[in-house]
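Here is a short briefing on one model. Keep the coordinates open while you read.

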Amino acid sequence: MKINNLNEMDNYDDIYISSHLDDVGFSCPTSILNAPKNRRILVVTIFSEGKSADCPKFLARQQEEHNASIQGGYDYIFAQFNDIRKSKVISHNGLIWSELTETQLIESVRAWLVELFDIAKPKTVFVPIGVGRHIDHRITHITCNEVLINSNIEVWYYEDRPYALVPQSTEVFLRELGYQVDVRFEVFLDNLFTSGFLGRSKPKVLEQRKQDYNDFVKRIANQETTKSIKSSRFIYSDNLEQVWKIISCYKSQLKHFIGGKETFFRDCRIIAIDQGRDEVYCERQWQL
Ligand SMILES: [Zn+2]
């Protein structure tokens, strides 16, 4: 069911924070499906709107989120911030983004989240780690951290797909954030353009990105780590058909970001093997 605005908001046990109209659907389907039936679940999309020219496209994407909510059995709300990926103020180089400069936007997102958690009183909140360094994901991650850090709410960080569909991508990003985590950088670089969606880039862009990532990895590998991980957990699915029913709702995003059913579960299997798991499919969450 759609919650139109914060005035209609009720209490929820679990709140999943999505940067875009697909992130939680792609990243957390099993986490949602495995939740006990009596838990009330809300999915929040922060950057849910397009600029006026993109309006029809975003209406279609909002409908996709609605369809996924029925498959996943959850309620949803749109925070109604503009998806800023095409903003001229944000320069980016492949997927390696410049520093955050959107201070006013960050302040507005933070204020909205404060109100949301105040009304909904969640027990647990699920937040994107920011794997892939997409600027909207980083804004979501940073604002949630700031709001939740001194609360009694349990926080789990989920791995952002499709970015996290490359082996070692989460470890690389956690290292970048300064966490003490073992990383196999060569595995990351070897798989970066064969697993996940980056390999589907145009050849010229691909060459540039390879160079960017080589430079990036050299920098991260030499960076000091000061923080330790509190815990992590794996979530397994015994119903891949139901997982796919949620993921395939996001039809407009599927081809570029996920590929297809076979590609997706192949990528998930590669990740599971890299993480030393026997399972065909798993999701991983962290406490930082
Ligand atoms: Zn996203």
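The model is predicted, and its pLDDT averages 90 over the chain. At least 70 is reached by 93% of the residues. The weak stretch is residues 87–97, where the pLDDT is below 50. That stretch still has 19 contacts in the model beyond near neighbours in sequence.

**Sheet**

- The sheet is open and has 8 strands. Their order is S1-S4-S3-S2-S7-S8-S10-S9, and the pairing is mixed.
- Strand S1 (2–3) and strand S9 (231–236) are the edges. Each has a single partner strand, so one side of each lacks a neighbour in the sheet.
- S1 and S4 run parallel and are joined by 2 bridges. Lys2 has Tyr76 in S4 as its bridge partner.
- S2 and S3 also run parallel, with 5 bridges between them. Asp14 has Ile41 in S3 as its bridge partner.
- S2 pairs with S7 in the parallel sense over 3 bridges. Here Asp14 stands opposite Thr124.

**Strand S2 and the nonpolar core**

- Strand S2 covers residues 14–18, and 5 of its 5 residues are buried.
- In a regular strand, side chains alternate between the two faces of the sheet.
- In S2, Asp14, Tyr16 and Ser18 point one way, while Ile15 and Ile17 point the other way. All of these are buried.
- The largest nonpolar core has 62 residues. Ile15, Tyr16, Ile17, Leu42, Val44 and Phe126 touch the most other members.
- Helix H4 (residues 103–120) gives the most to this core, with 5 residues.
- Leaving aside neighbours within four places in sequence, Leu42 is in contact with Tyr12, Ile15, Tyr74, Asp75, Tyr76, Ile77 and Ala120.

**Helix H3**

- Helix H3 takes in residues 55–72. At 1.5 Å a residue, its 18 residues should span 26 Å. Its end C-alpha atoms are 25 Å apart, which agrees.
- Its buried residues are Arg61, Glu64, Glu65, Ala68, Ser69 and Gly72. They cover an arc of only 145° around the axis, so they sit on the same side of H3.
- The face turned away from that buried side carries the exposed residues Cys55, Pro56, Leu59, Ala60 and Ile70.
- Several elements pack against the buried residues of H3, among them strand S3 (41–45) and strand S4 (75–78). Helix H1 (23–27), helix H2 (29–33), helix H9 (240–247) and helix H10 (251–257) are also included.
- Gly73 follows H3 and has a positive phi, near 65°.

**Helix H6**

- Helix H6 (residues 169–176) is mostly covered, with 7 of its 8 residues buried.
- The buried residues are Ser169, Thr170, Glu171, Val172, Phe173, Leu174 and Arg175.
- Their cover includes helix H7 (185–191) and H8.
- Just after H6, Gly178 takes a positive phi of about 100°.

**Leu206 in helix H8**

- Leu206 lies in helix H8 (residues 203–221).
- Is Leu206 buried, exposed or partly exposed? Leu206 is partly exposed, because 15 other C-beta atoms lie within 10 Å, and a buried residue needs 20 or more.
- Beyond its neighbours within four places in sequence, Leu206 is in contact with Phe193 and Ser201.
- The C-alpha atoms of Leu206 and Phe193 are separated by 8.1 Å, and these residues are 13 residues apart along the chain.

**Backbone geometry to check**

- Most residues other than glycine have a negative phi, and most peptide bonds are trans.
- The peptide bond between Arg161 and Pro162 is cis, with omega about 10°. Pro162 is in the loop between strand S8 (154–158) and H6.
- Gln168 has its place in the loop between S8 and H6. Gln168 is not a glycine, yet its phi is positive, near 75°. Gln168 is buried, with 24 other C-beta atoms within 10 Å.
- Arg133 is not a glycine either, and its phi is positive at about 60°. The loop that holds Arg133 runs between strand S7 (124–128) and helix H5 (135–148). Arg133 is partly exposed, with 18 other C-beta atoms within 10 Å.

Note on methods:
Residues numbered from 1 in each chain as written. Predicted model: local features only at pLDDT ≥ 70, side-chain atom pairs only at ≥ 80, totals over all residues. Helix = DSSP H or I, 4+ residues; strand = E, 2+ residues; numbered from the N terminus. Buried ≥ 20, exposed ≤ 12 C-beta atoms within 10 Å, placed from the backbone. Contact = placed C-beta atoms within 7 Å. Core = buried A, V, L, I, M, F, W, Y, C linked by C-beta atoms within 7 Å. pLDDT = per-residue confidence, 0-100. Expected span 1.5 Å × (residues − 1). Arc of directions from axis to C-beta. Pairing = 2+ DSSP bridges.
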